Structure formats: C-alpha cells, structure tokens
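Work through the following exercises with the sequence and the model at hand, and compare each step with the solution given.

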Amino acid sequence: MVAVNRVYIAQLAGLPVFGPDGEPVGKARDVVISLRIDRQPPRVLGMVIELATRRRIFVPMLRLTSIEPNAVTLATGSVNLRPFHQRVNEVLVIGEVLDAKIALDGGGSAVVVDAAMELTRTRDWRMVRVAARERTGRFGFKGPTQVFRWEDVGGLSVNEIAGQPQGAQQLVAVFEGMRAADVAHALHELPPKRRHEVADALDDERLADVIEELSEEDQKDVLSHLDEERAADILEAMNPDDAADLLAELSEAAKDRLLDLMEPEESEPVRRLLEYSFDTAGGLMTPEPIILTPDATIAEALARVRNPDLTPALASMVFVCRSPSATPTGRYLGCVHIQRLLREPPFDLVAGVIDTSLVRLPPNASLSDVTRYFATYNLVCAPVTDEAEHLLGAVTVDDVLDHLLPDNWRETGLSHA
C-alpha cells in the first residue's frame, strides 16, 4: 500500500530507493509522465532511479509499494536494468516541467516550481497539481507560490514544453548538493534544449566541474552552445589537463580562438599540455600538483594537501623542487607521500623526508608505460620530469583510468553480474 496519496515530485529527488527486503537499490531522480493533447491530468508512467553504478533505469509505478517522505520502496527486487531512454510524448517532470512558463486561466503567467501526483481510485497515478510562482512585477516571477489544478493552466503540452524557452533555477536547485559527476549524468539524460538551459543557469565554477565529468560529445555540445567569451571563462575554471583534452577535440580554428580569449596565465599551461599526445604522460598530466621548496615545513605540506579542491589522488603526494615552484619548476628533488607527512613532527622540514628513489616518468611515456608504472609502485600519483630534471606535472590514476576505459563509459555505467 502506498503510504501517501499526493506526492510533490521535486521533493522526491535524491530520496533513497530500497528493495522489498530493505536492501538499497539507488536514488530517485525523476518521474516520467505521458502528456495529453487536452488539459486533463496526465498519467504518471513511472520513476527514473539511479543505481549505485550511476546507471539510470525506469521503474513503472505499479512496481512501487510505498512512497514515504524519506524513502521509496519497490514491490519487488527484480527490475529491468536496461538504461532508461525517454520515448516520444514522455516528459521528465523534474528535468522538463520545472521552470516551465504556464498561462493561468484567469490571466497572467507563472513559472512551475513543483508538481504533485496523486493516486486515483483506479490505482493509477495522475499529475493533478502544479505549484507555481506568479509574475507580479516587471522583473520576473516574484509573487508567492500557489497551487493550481493541472487543468486550470496552459502551456504544458509536449510541443509547448519543447518549444518555449525556460529558466532553470528550480532544476539547478534540485542539483544542489549533488556531485558534479551525478549532475553530468543527469544532463546527459536531458534533451539538448534543456541541457543548454541548465548550462546557462549554472555559475562558471560549477559548470566547469560538471563539464569535466561529461562525455566528449556532451562536452563539445555544451561548449558550442556557449558564447565564445563564456566558453573561454569555463575553460579557465577547468583543470588545465581537462581543458586541454577538450580543446584537442575541437577544430584548430576554434581551439586557437578560445586559447586567445583565455587569460595568458590560464592558457599557458593548457598550451604546454597540448604539445603532447593525449595518450602519453605529458598529455595525461596536470601541471598543477602540490609543489613545495625544501625549506617548507611538514605543517605547510599538510595544510596544502587539506585543500578541498584537490582530488584525493592529487592530494596523496607533494613534490619538492628548487625555485621556481611553478611548472616547469627548478630542479626536481623528490617527493613525499601523505602517509609519511602524517608520521613526522609538524615543524620538521620536508627536505628531511624526501623520497629521492622513486622513478620519474618522462613526458613521452606511453599510456601502457604509465599503467605499468602505477601497477609496479602501487601509487595513485606520479611525477613527470624532463631531461633537465624540471618537474612538468603529475599524472594521477583517475586520468589513466579515464583513458583506459571505453569512450562511452560515462554514459553506460558499470555492468551488472
């Protein structure tokens, strides 16, 4: 028996989904409805659930046994694991209905901030209510939120939703708190028009993080939608190695144009990375590892690795070099693993704990050489130096895996036994 008869869809986003025996299945991400030609409440077809592998599957409403304020429970542990694909006339409530502009029967317009489905006597779910904020001034939707019957508003047919420009504030709010990789997966599932609207609404830093997690095709799609000035700003906010990988997929003219629009101090490391083939240590590395001079203390090193913007792999090791400490550095002296830092007195110098024996990677090392290196030394981060012993950057294991996996791995998720 379903616990509640009316459910507001935006509140479902991110709720855990459990099987009949309480085993975790995934998270609720959206609800699929089938819109009608008239204004009658549309039928709710099912729910889009994201598995732990990030694969999104479709579960019909009849397979749900309860919808609680804090969880969704399936009636059976057996579900179809094929990836969800949206069909003609199907609409994603969170992905496409939120932020839609609607016309009110009494005149005026409003923007949708939520929608409610209700269980009928025939055990069908219908989308019966729309929560919307009316336009009360010249500068946008500033009025109070009101709830309208579905049949009392216009603008929610398939063609109207597909054709009208929408804001994305409500959808961006749903994405708040989600990991960039999960937002990227959600964007991949959206129609191109909606994907572009979300990209327009995200701030530069957040969009840069999300683009880094998109597939190459989706990256190029989003970047080509942006005007050149903002595209350059996004590339500046991305990690240099990710920006270089993306630019390498563009035409020479587009690549040169965007590099010219970037600030010189931001474009310079990206240009250096573009000199290397994508499947070499030079093409895989980031030019912004943690670099310290030998007179730095253990405490300073630990403060640097605590930076929340660093990936765990990049934070696992600090590199010690003579000045200058920006890549390409002065003479490379060695490295210190974070585990060693944690064992030493905080006011000792890193010069006293340097590992000088670790083999360095040359920038022309092949992908297979880099892979064997990580397997041999059980590391997640490795130094890349030139013949003159300058540190050029560091390769992390996540970038190696990214190039070893199939091109579409971000879209397909993990396979199931």
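**Exercise 1.** Determine in which sense β14 and β15 pair, and over how many bridges.

*Solution.* The strands, which are DSSP runs of E with at least two residues, as helices are runs of H or I with at least four, are numbered from the N terminus. β14 and β15 pair in the parallel sense over 3 bridges, where pairing requires that DSSP finds at least two bridges between two strands. One step further, isoleucine 290 has valine 318 of β15 as its bridge partner.

The model is predicted, so local features need pLDDT of at least 70 and side-chain atom pairs count only at pLDDT 80 or more, while totals for chains, interfaces and linings use all residues. Residues are numbered from 1 along each chain as its sequence is written, and side-chain values use heavy atoms, leaving out hydrogens and water.

**Exercise 2.** Establish how many residues of β15 are buried, and on which sides they lie.

*Solution.* Buried means under 20% relative accessible area, with exposed over 50% and partly exposed in between (1.4 Å probe, protein chains only). In β15, 5 of the 5 residues are buried, so the strand is largely enclosed by the rest of the structure. Met317, Phe319 and Cys321 are buried on one side, Val318 and Val320 on the other, and both faces are thus covered.

**Exercise 3.** Identify the buried residues of helix α13 (residues 298-305) and what covers them.

*Solution.* Ile298, Ala301, Leu302 and Val305 are buried in α13. Because they cover an arc of only 95° around the axis, they lie on the same side of α13; the arc is that of the directions from the helix axis to the C-beta atoms. Their cover includes β14 (290-292), β15 (317-321) and α14 (338-343).

Notes:
Contact means heavy atoms within 4.5 Å.
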